[in-house]
Amino acid sequence: MAGSIALLKLLSNARVFAPEDLGIRHVLIGGGRILGLSDQKDMLLAAGATEYDLGGARLIPGFIDGHAHVTGGGGESGFKTRVPPVPLGHFTTAGVTSVVGVLGTDDTTRDTRSLLAQTLALRDEGIGAWCHTGGYHVPPVTLTGSVRDDIVFLDPVIGVGELAISDHRSSQPTLSELLRIASDVHVAGMISGKAGILHLHLGDGDRGMDLVRRALSECELPARVFNPTHINRRKALFDEAVALANDGCTVDITAFPVAEDEDAWAADVALGKYLDSGAPADRITISSDGGGCLPVFNDKGEMLHMDIGRPSSLIETLQELLSSGRTLDSVLPAFTSNVADILRLNDRGRIRQDGVADIVALDSDNQITDVMAGGTWHVQKGKQTVFGQFETEN
Ligand SMILES: [Zn+2]
């Protein structure tokens, strides 16, 4: 008994953004969950709990990164360009406490088995982790041989993605191919209670969201099944995405670096424009594309150079939003509760009683100081304290 009591943690005097601004609260943590949340500290005093006085610092839900290449992506310019797996600390130090792994262009040397294994490894290391089956191509790569069986029978698999459209690297899927996959995902989501979404990679192609619009107008599937990402990679594509959000889709911004002269919106600018457009504030999310390659192609489809996406682009985007004058509670849902809702991760993405204790503390400069995942501190006073199997302190 004494041992379990000693595992209780009381985070006192924190300004809690749940993501809504709750004001000063005290948060009791135990068994990996939030046991209590109150403005009366006396209500939560538990003998033996370790108290952490936040001194008024802001607590926010851990970010849910709905799109990361946890196995490493890339491989688009020869075998040496295969990106290595993303280590635990790249997520936790960036405030990411839940992640959804995807396969991208290379669903040939990478497969659902290795993605599933890496997803389970991240769970073992202490963060929330799920994955999609499939990848860019059609028919989707699977583990069991069927999209439906993968989602229904493999615990971490919650949808299909990132399936590519409007991209020279895609399978150039037809509408009927897309609808068949979407229907399998939808039904598997119903059977399993999981997200059941078709997470769509949008390329630079002029066709943009055309296939998604046709899908919505020609079938009975709910709009939420179609979940486009990289919507800010072209300005015209972004406008199409806002229209789709008004029609019921949840759309996803990618926090990739954007140059001044590029026909793209940086993630912070895109979220601001989305919220100002009056589109539903709960149908927008931001993901990192961490571990993915960020290739730049010429018009012959040859790669000119490649960067790697990083989970830290999420906190950098949040910091940009805050310095531009946006309020924390207005932008936070795109990183937390909105992602939990579209992914049907009902006990994540919010600071609330009985939820998983995934919590990030921000200092007055909007820097991450402390990160708790599943009730365990992974980052304290700006230093990573829990390391993945092959990570070292340096
Ligand atoms: Zn992609």
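In this predicted model, Y52 has a relative accessibility of 23% and therefore counts as partly exposed, whereas W377, at 9%, counts as buried. These two residues belong to strands that lie distant along the chain, Y52 in strand β4 (residues 50-53) and W377 in strand β18 (residues 376-380), with their positions 325 residues apart in the numbering.

**Aromatic pairs**

The structure holds two aromatic pairs. A pair of aromatic rings is described by the distance of the centres and the angle of the planes. The rings of Y52 and W377 form an edge-to-face pair, with 5.2 Å from centre to centre and 65° between the planes. F63 and F335 form a tilted pair, in which the centres are 5.3 Å apart and the planes make an angle of 35°. This pair, too, links distant parts of the chain, since F63 lies in strand β6 (residues 63-68) and F335 in the loop between α11 (328-331) and α12 (337-343), 272 residues apart. Both F63 and F335 are buried.

| Aromatic pair | Centre to centre | Angle between planes | Geometry |
|---|---|---|---|
| Y52 and W377 | 5.2 Å | 65° | edge-to-face |
| F63 and F335 | 5.3 Å | 35° | tilted |

**The zinc site**

The zinc ion has as its protein donors E162 (OE), H201 (ND1) and H230 (NE2), which lie 1.8 to 2.2 Å from the ion, and along the chain these donors follow the spacing E-x38-H-x28-H. Distant parts of the chain are linked by E162, in strand β9, and H230, in the loop between β11 (226-229) and α8 (235-246), the two being 68 residues apart. E162 counts as buried at a relative accessibility of 2%, and H230 is likewise buried, with a relative accessible area of 3%.

**Helices α4 and α7**

Helix α4 (residues 112-124) has 13 residues, which at 1.5 Å a residue should span 18 Å, and the end C-alpha atoms are indeed 18 Å apart, so the expected and modelled spans agree. Its buried residues are T112, L115, L116, Q118, T119 and L122; seen down the axis of α4, these fall within an arc of 165° and therefore line one face of the helix. The face turned away from the buried side of α4 carries the exposed residues R113 and D124. The cover over the buried residues of α4 includes α3 (88-92), β7 (96-101), β8 (128-133), α5 (147-153) and β9 (157-165). After α4 comes G126, which has a positive phi near 115°.

In helix α7 (residues 210-218) the buried residues are L211, V212 and A215, and because they fall within an arc of 100° when seen down the axis of α7, they line one face of the helix. S217 and E218 are exposed residues on the face of α7 turned away from its buried side, while the buried residues of α7 are covered by elements including β9, α6 (175-192), β10 (197-202), β11 and α8. Strand β9 thus appears in the cover of α4 and in that of α7, and also holds the zinc donor E162.

**Cysteines**

With a cut-off of 2.5 Å between cysteine sulfur atoms, the count comes to zero disulfides. For C131, the closest cysteine sulfur is that of C293, and because 19 Å separates the two, they are too far apart for a bond. C249 is also in no disulfide, the nearest cysteine sulfur being that of C219, 10 Å away. C131 counts as buried at 0% relative accessibility, and C249 is buried with a relative accessible area of 0%.

Note on methods: Residues are numbered from 1 along each chain as its sequence is written. This is a predicted model: local features need pLDDT of at least 70, side-chain atom pairs count only at pLDDT 80 or more; totals for chains, interfaces and linings use all residues. Side-chain values use heavy atoms; hydrogens and water are left out. Buried means under 20% relative accessible area, exposed over 50%, partly exposed in between (1.4 Å probe, protein chains only). Helices (H or I, at least four residues) and strands (E, at least two) are DSSP runs, numbered from the N terminus. The expected span of a helix is 1.5 Å times one less than its number of residues. The arc is that of the directions from the helix axis to the C-beta atoms. Contact means heavy atoms within 4.5 Å. Donors are N, O and S atoms within 2.8 Å of the metal (3.2 Å for Na, K and Ca); water is not among the atoms, so sites may look incomplete. Rings of Phe, Tyr and Trp (its six-membered ring) pair if their centres lie within 6.5 Å; planes under 30 degrees apart count as stacked, over 60 as edge-to-face and the rest as tilted.
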